[in-house]
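Got your viewer open? Load the model, colour it however you like, and we'll walk through it one selection at a time.

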Amino acid sequence: MGIRHLTVLALATLVALTATDVAGGNGGVPPAEDTRKKPAETTAPADAVAKQYDVKALVARLRDTSAIGFFTKLALKNQIDDLMDRFRRFHAREEETPLERLRDQFNLLFMKVITLCQDGDPALGQEIAKGREILWGKLADPGEFARL
């Protein structure tokens, strides 16, 4: 699967997610009247979300899902292992790849996983998507990466 194909998949997923947000009422249209009431907090603090985002549990769910075929899972595992190896070399200062390029590779692979889950196991795809920044933080930080 070439880079162009992954880019098209990533763009298609972003368009689909944006269309879902607009159709679901999150299109940014202000309410008809302003009640001046403070809205109830519906999101958990960042620390609570980070603690709830269990990478190992999500990996197990990815292995078990029927939304992704066996050979696709095998290809994904190889791509994830390659990316993890790049991060290992980056943190060990053995590779000169800039962090921004690793971020691009991470985003492409992340979108690929979400796209693969989107039709067959949307709950898993949404759960994975919630932790994009948490997972990136773990990969980019040398101390957190060592604990993975």
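A contact here means heavy atoms within 4.5 Å. With that in hand, start with the whole chain: among contacts between residues at least 6 apart in sequence, 66% join residues at least 24 apart.

Before you click further, some ground rules. This is a predicted model, where local features need pLDDT of at least 70 and side-chain atom pairs count only at pLDDT 80 or more, while totals for chains, interfaces and linings use all residues. Residues are numbered from 1 along each chain as its sequence is written, and side-chain values use heavy atoms, with hydrogens and water left out.

**Cartoon view.** Switch to ribbons and you'll find eight helices and zero strands. (Helices are DSSP runs of H or I with at least four residues, strands are E runs of at least two, and both are numbered from the N terminus.)

**Surface view.** Now turn on the surface: the chain exposes about 10,600 Å², and carbon and sulfur atoms supply 56% of that. The areas come from the Shrake-Rupley method with a 1.4 Å probe, and for residues only the protein chains shown count as cover. Of the 148 residues, 25% are buried; buried means under 20% relative accessible area, exposed over 50%, and partly exposed in between.

**Aromatics.** Next, show the rings. The structure holds five aromatic pairs, a pair being rings of Phe, Tyr or Trp (its six-membered ring) with centres within 6.5 Å; planes under 30 degrees apart are stacked, over 60 edge-to-face, and the rest tilted. Select Phe 70 and Phe 71: the ring centres are 5.1 Å apart and the planes sit at 75°, so this pair is edge-to-face. Phe 70 is exposed at 59% relative accessible area, and Phe 71 is exposed too, at 65%.

Hop over to Phe 106 and Phe 110, a tilted pair with 5.4 Å between centres and 40° between planes. Buried or exposed, Phe 106 and Phe 110? Both are buried. They're four residues apart in helix α5 (residues 99-120), so about one helical turn separates them. Add Phe 87, Trp 136 and Phe 145 to the selection, and you have one aromatic cluster together with Phe 106 and Phe 110.

**Last stop.** Select helix α3 (residues 55-64) and helix α6 (residues 122-130), which pack at about 150° with axes 11 Å apart. That makes α3 roughly antiparallel to α6 (the cut-off is over 145 degrees). Show side chains where they meet: Leu 58, Arg 61 and Leu 62 from α3 against Ala 123, Leu 124, Glu 127 and Ile 128 from α6.

Terms used
Buried means under 20% relative accessible area, exposed over 50%, partly exposed in between (1.4 Å probe, protein chains only). Axes are lines fitted to C-alpha atoms, for helices over the stretch in contact, and angles run from 0 to 180 degrees between N-to-C directions. Angles under 35 degrees count as roughly parallel, over 145 as roughly antiparallel, 65 to 115 as roughly perpendicular and the rest as oblique.
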